[in-house]
Amino acid sequence: MKNLNGKTVLITGGASGIGRLMGRRFLDQGATHLVIWDIQEQALHETVAALSAEGLRVSGYAVDLADPARIEAAADEMKAAGIAVDIVVNNAGVIVGKTFVEHSSKDISLTMDVNTLAPIYVAKEFLPGMIARGSGHIVNIASAAGFVPNPKMSVYCASKWAMIGWSDSLRVEMERAKTGVGVTTVTPYYIDTGMFAGVRSPFIPILKAEYVADRVIAAIKSNRIFLRLPWIINLVPLLRGILPLRWFDKIGGEWLRIYHTMDNFRGRK
């Protein structure tokens, strides 16, 4: 069981939503320094000010995760300030919510840059320090969409499928080299944040952000490899492996209405 006391935690997309919830829980459970990276500068300043007013140590950096140069620069700023990160939570993500043919080139590059490449670049910046200290943890918030194809999510699904493959490969490398660095891959179903406004799911429950935040913290403390939420998501790889794909399309996509969850998607404005 990992103890969070005295840890420095970096959360991308930590100024709002589930990122902000997780940040608060880390501090409540003993972390001594929370670092937030976010592109929303107003939300970032408000979150840092609110938590700092309670006497908590919180730092904020305005970072466009679609810009690798800014990721490297922010990491360099932190290193120059003597901030050694113990836990990285790659939480930031974007979704366009359109059919593939409606995507612009900008839509595609933004989705892949933020959801897939940014976590890789962020981990690359902070892993050497963790390995040198013989401890640390990388948490990658992927998605159940990394297991299931879904209309109006094609590029988002692609970004999360890629993230899952990279994340678990990184875990194996860290374990084989006995680095002391843990890697946890989180694959939640829809979460009730503004990111997925308009989504309807009549059979599989939409997750509460507070519940997900608590489960992620618990997964880090127990060095869990995969955290799939809700429990039924654990069955998806099995069902896709044993059922003919047309059957899965019918049972999961139509009967359970998964392929219709995005019909009324609005997203965060």
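**Exercise 1.** Determine whether T12 is buried or exposed, and which backbone atoms its side chain reaches.

*Solution.* Step 1: T12 has a relative accessible area of 2%, so this residue is buried (buried means under 20%, exposed over 50%, partly exposed in between, with a 1.4 Å probe and protein chains only). The model is a predicted one, in which local features need pLDDT of at least 70, side-chain atom pairs count only at pLDDT 80 or more, and totals for chains, interfaces and linings use all residues. Residues are numbered from 1 along each chain as its sequence is written, and side-chain values use heavy atoms, with hydrogens and water left out.

Step 2: The T12 side chain reaches the backbone nitrogen of N91 at 2.9 Å and that of A92 at 3.0 Å.

Step 3: Beyond neighbours within four places in sequence, T12 is in contact (heavy atoms within 4.5 Å) with residues including W37, L65 and V122.

**Exercise 2.** Place T12 in its strand, and state the order in which the strands form the sheet.

*Solution.* Step 1: T12 belongs to strand β1, residues 8–12 (strands are DSSP runs of E, at least two residues; helices are runs of H or I, at least four; both are numbered from the N terminus).

Step 2: The open sheet has 7 strands in the order β3-β2-β1-β4-β5-β6-β7, with parallel pairing (two strands pair if DSSP finds at least two bridges between them).

Step 3: The edges are β3 (58–62) and β7 (226–229); each has a single partner strand, so one side of each lacks a neighbour in the sheet.

Definitions and conventions: A polar contact is a pair of N or O atoms within 3.5 Å; within protein, one must be able to donate a hydrogen and the other to accept it, and residues adjacent in sequence count only if both atoms are side-chain atoms.
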